[in-house]
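The exercises below ask for helix geometry, burial and packing to be worked out from coordinates. Each task is followed by a solution that goes step by step.

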Amino acid sequence: MFNKGPKRGAVEGLIYDIIKLNKFMSERSQIPEEAKVTIIELPDAPVEAPQQPEEVPTDSTESLNVENKGFFAKLGERAKEVGNWAYETINKIPGVNKIVGKVEIAYHSYWMNRHEEKARAITGKISGTDAQIEAVEQSRAEIAYALHELGKEGADIPNMQSVQEKMKSMDDQLEGLNLEKTKLNEKLEKRNEKMQGYVEKRDAVVDRLVGQYQEKLSPLEIEIEKINDCKDEFELSEAVAELRHETQNERLNNIEKKKDVLEKALLASGLSEEQVYDDPSIQSLYKMIDEGREQIKKEQEILAVSRKYYESRLKETESKADVYRKKKAKFNNIKEGKPEPVEMPEAVDHESEPIIEPEDQEDGLEANVEEEPKYRLDTFVSEYNKFIKEEYKTDVDPQEEIVLVNFMKETGVKESQEMEFKRFKKILGTYYKKIKLPATSIKKFDSRAEAFYKEKINPEIK
Amino acid sequence: MTTDQTQSLKDQITSLIAEAEEVNKKNAEENKEAKVKFQEIKARADASLDQAKNIFTELDKADKDAGDALDALVLGMVADEGEE
């Protein structure tokens, strides 16, 4: 920088250097290019900001608690602008999934980008200060060297006082620049520590949340399995109840038939219709038959309500659990930086959903006009066991073969109980579910039962 | 028809009333037994539903706590925007 001009005498050279020094000093007030800070403006619409909501909430901080709301209120305009973007984004998400939006915002690349921009700006300032320090140090060293050389020659130095003042001024400047550099380094360090602190806290919060999900979802799955078991057990009892109601109705029909015969006999004996039908004993029979049927009807209604209860509660619980299962997956994906791998479900309000009446699964057999033959339970069981072993040989799950004692214990149906095939099939199907026959075998059950019906029960329909 | 024959028919009606009473009693007993079983199954289902409900409440609480903590963090980062 200095002494690069044509060769001069020592004093002449020193004066030349002092002129250059003065020029440099006057330029010192200008900030060197490398030290200039680029101010990055906050984007109008922040980077990767999600789509605009259909309805922008009037209060973007509505999801904040009192403490955080208070903090938000104290923010400056620029910070509020970013805060509004963040919370308008979160507020667009339905309540139950709002936490996903909060995790997404906390992991948004916007923060890291802003941090890097700011850190880069400080680093730029440090580089600029370094360049200035180096320049002043070099000048000072060269002047000191020149003075030393002039001193050795015993030359008379003009404006010695001014030169000494300049040297002092350069010392002051170096002190100022070093102090500035120290401050900038501290600022950079503080900024990095702050960001690191945010990242660590954010990861800790989300890790804890994922951990809580992990911890809670396992017992939830167990409870859902238990509810499913109850539903299977209910369905088995319901199938048995249908058989019981059929038997009970037959008993009442039998009473009614006997009553009809007696009524006809009384009419034939010469009694008038009024005398017969108004007879208190006959009236009492009518009442008892009606009451008996009413009792069965009431129980059937209770069963229908119970069925709806199990179906709707199970569906509701499954659907709710699904929201949390997907949220857990989503948290992990956000953390790993995988964008939108899981479609978040809307929480479904099952209360308002119409419940579809289960159709009576009579397997189309009810359409048969002819009365179906009835067999004892033990006959059905032994014949069915024989059939599946002969027909499907090795492709029979050990649980598929019915153990009569166990079957009677689970169903409460006696071995002597007679029933049509459709009842046996329904009870057996629900029994298999109750004893947790493997799903692959459950799938085969329907076709196997139908084949059994065609082969052994009603070969004529083949 | 003789009085005896009419009396015989009335006796048969009395007997049928007794039989009908027996049928209704038997049916009621059977249904009562089944009702106990249905209630026992429902009690177990209700207990599991309550447990599931508690777990959902705990998960919602975890969401809320994490949400508040994340809000505080995000607001800290937002406040940084106002600096420099």
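A residue counts as buried under 20% relative accessible area, as exposed over 50%, and as partly exposed in between, with a 1.4 Å probe and protein chains only. This is a predicted model, in which local features need pLDDT of at least 70 and side-chain atom pairs count only at pLDDT 80 or more, whereas totals for chains, interfaces and linings use all residues. Residues are numbered from 1 along each chain as its sequence is written, chains are lettered from A and ligands numbered from 1 in the order in which they are written, and side-chain values use heavy atoms, with hydrogens and water left out.

**Exercise 1. Describe the overall make-up of chain A.**

Step 1. Helices (H or I, at least four residues) and strands (E, at least two) are taken as DSSP runs, numbered from the N terminus; on this basis chain A has twelve helices and two strands.
Step 2. Read from the N terminus, the order of elements is α-α-α-α-α-α-α-α-β-α-α-β-α-α.
Step 3. Chain A holds 462 residues, of which buried residues make up 40%.
Step 4. With contact meaning heavy atoms within 4.5 Å, 79% of the contacts in chain A between residues at least 6 apart in sequence join residues at least 24 apart.

**Exercise 2. Compare the span of α5(A) with the value at 1.5 Å a residue, then locate H148(A).**

Step 1. The expected span of a helix is 1.5 Å times one less than its number of residues.
Step 2. For the 45 residues of α5(A) this gives 66 Å, and the end C-alpha atoms are 66 Å apart, so the two values agree.
Step 3. The residue that follows α5(A) is G154(A), whose phi is positive, near 75°.
Step 4. H148(A) lies in helix α5 of chain A and is partly exposed, with a relative accessible area of 48%.
Step 5. Between H148(A) and K443(A) there are 104 Å in space, C-alpha to C-alpha, and 295 residues in sequence.

**Exercise 3. Which residues of α9(A) are buried, and what do they pack against?**

Step 1. Helix α9 of chain A covers residues 377-392, and its 16 residues reach 22 Å from first C-alpha to last, close to the 22 Å expected.
Step 2. The buried residues of α9(A) are L377(A), F380(A), V381(A), Y384(A), N385(A), F387(A) and I388(A).
Step 3. Seen down the helix axis, the buried residues of α9(A) fall within an arc of 165°, so they line one face; the arc is that of the directions from the helix axis to the C-beta atoms.
Step 4. These buried residues pack against β1 (374-376), α10 (404-411), β2 (418-420), α11 (421-434) and α12 (439-457) of chain A.

**Exercise 4. What is the sign of phi in K393(A) and in K436(A)?**

Step 1. Most residues other than glycine have a negative phi.
Step 2. In K393(A), phi is near 40°, a positive value in a residue other than glycine; K393(A) sits in the loop between α9 and α10 of chain A and counts as exposed at 60% relative accessibility.
Step 3. In K436(A), phi is near 60°, again a positive value in a residue other than glycine; K436(A) belongs to the loop between α11 and α12 of chain A and, at 42% relative accessibility, counts as partly exposed.

**Exercise 5. Analyse how α5(A) packs with α1(B).**

Step 1. Axes are lines fitted to C-alpha atoms, for helices over the stretch in contact, and angles run from 0 to 180 degrees between N-to-C directions.
Step 2. Helix α5 (residues 109-153) of chain A and helix α1 (residues 3-81) of chain B pack at an angle of about 35°, with axes 11 Å apart.
Step 3. Y110(A), W111(A), R114(A) and K118(A) in α5(A) meet V74(B), M77(B), V78(B), D80(B) and E81(B) in α1(B).
Step 4. Ala, Val, Leu, Ile, Met, Phe, Trp, Tyr, Cys and Pro count as nonpolar, Asp, Glu, Lys and Arg as charged, and the others, Gly among them, as polar; the contact of α5(A) with α1(B) then has five nonpolar, no polar and four charged residues.

**Exercise 6. Is D68(B) buried or exposed, and which residues does D68(B) contact?**

Step 1. D68(B) is part of helix α1 of chain B.
Step 2. Its relative accessible area is 16%, so D68(B) is buried.
Step 3. Leaving aside neighbours within four places in sequence, D68(B) is in contact with N65(A) and N68(A).
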